[in-house]
Amino acid sequence: MEKTFGNTRVTLVHGDLTRQDVDAVVNAANSSLLGGGGVDGAIHRAGGPAILEECKAIVARQGSLPPGRAVVTTGGRLPARRVIHTVGPVWHGGARGEAGVLRSAYQESLGLAEAEGLRSVAFPSISTGAYGYPVAEAARVALEAVAERLRAGSPLAEVRFVLHTAADRAVYEEALEKLPA
Ligand code: APR
């Protein structure tokens with residue numbers, strides 16, 4: 001399923017983020033940038049050690065990455081040329097600014113992709129694994145944040161959401177259907 005906002009297509013697929021043939025994939029990282037489980041572990045396993053080396057250099061230069069911020073590295077051995085690392089919020093019930101941080105994680109990542117001159121970027125469902133964000137709420141925040149930025153005009157041709165389960169894809173589809181183009 002897909003919908004167009006401004007000049008950019010937003011597409012939803014069920015699959016593995018590390019196998020996407022796009023200019024950049026976004027990593028749902030943690031502030032240490034030293035890797036973890038979930039999609040973070042999968043990206044470092046598939047992409048090889050070059051990504052971790054760059055992450056360490058970034059942390060040495062600017063310190064750990066606060067939630068809602070993003071940085072970019074090489075894609076190592078991934079099909080994608082770049083990995084954009086962002087940190088989503090840990091879910092604490094929704095009253096601790098989680099939505100604002102999640103929204104910032106998506107919009108900062110898109111800003112970096114645009115600044116790098118990229119044409120396509122693929123996101124996982126940030127924060128809905130280890131960080132416990134309820135997927136229906138996360139899907140609404142994620143898609144609204146992306147749509148808002150794209151409606152304002154973007155050089156990106158495609159923003160892809162790669163959902164790891166068919167159930168998550170169905171949830172994102174419902175949220176995308178409700179969103180005005
Ligand atoms: N492709 C696409 N999606 C994936 C993949 C993959 N290969 N592997 C896992 N996912 C999905 C999960 O099913 C979940 O829906 O990514 C979503 C996000 O889950 P997490 O990876 O756990 O990310 P998050 O909830 O943001 O937690 C971040 O987990 O791995 C650590 O270092 C990371 O500490 C950080 C925390």
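Is the crossing of helix 3 and helix 4 left-handed or right-handed? In this predicted model, the two helices cross in a right-handed way. Let's look at how that pair packs, and then at Ser 125, a residue in the loop between strand 6 and helix 4.

**How confident is the prediction?**
- The chain has a mean pLDDT of 98, and 100% of its residues reach 70 or more.
- Confidence is lowest in strand 1 (residues 2-5), with a mean of 97.
- At the other end of the scale sits strand 3 (residues 24-29), where confidence is highest, at 99.

**Helix 3 meets helix 4**
- The axes of helix 3 (residues 98-115) and helix 4 come within 9 Å and cross at roughly 40°.
- That angle is why helix 3 counts as oblique to helix 4.
- On the helix 3 side, the residues making the contact include Ala 99, Leu 102, Tyr 106, Leu 110 and Gly 111.
- Helix 4 brings its own set, among them Ala 138, Val 141, Ala 142, Ala 145 and Val 146.
- Charged-looking names turn up in the list too: Arg 103 and Glu 114 from helix 3, and Glu 148 and Arg 149 from helix 4.

**Zooming in on Ser 125**
- You'll find Ser 125 in the loop that runs between strand 6 (120-123) and helix 4 (135-151).
- Ser 125 counts as buried because its relative accessibility is 15%, and the cut-off for buried is under 20%.
- Its side chain makes a polar contact of 2.8 Å with the side chain of Thr 128.
- Leaving aside residues up to four places away in sequence, Ser 125 touches Tyr 106, Val 135, Val 162, Leu 163 and Tyr 172.
- Tyr 106 shows up twice here: it touches Ser 125, and it is one of the helix 3 residues in the contact with helix 4.

Technical notes: Residues numbered from 1 in each chain as written. Predicted model: local features only at pLDDT ≥ 70, side-chain atom pairs only at ≥ 80, totals over all residues. Heavy atoms only, no water. pLDDT = per-residue confidence, 0-100. Helix = DSSP H or I, 4+ residues; strand = E, 2+ residues; numbered from the N terminus. Buried < 20%, exposed > 50% of the residue type's maximum accessible area, 1.4 Å probe, protein only. Polar contact = N/O pair within 3.5 Å; in protein donor to acceptor, adjacent residues only side chain to side chain. Contact = heavy atoms within 4.5 Å. Axes fitted to C-alpha atoms, helices over the stretch in contact; angles between N-to-C directions. Parallel < 35°, antiparallel > 145°, perpendicular 65-115°, else oblique. Left-handed = near helix turned anticlockwise from the far one by under 90°.
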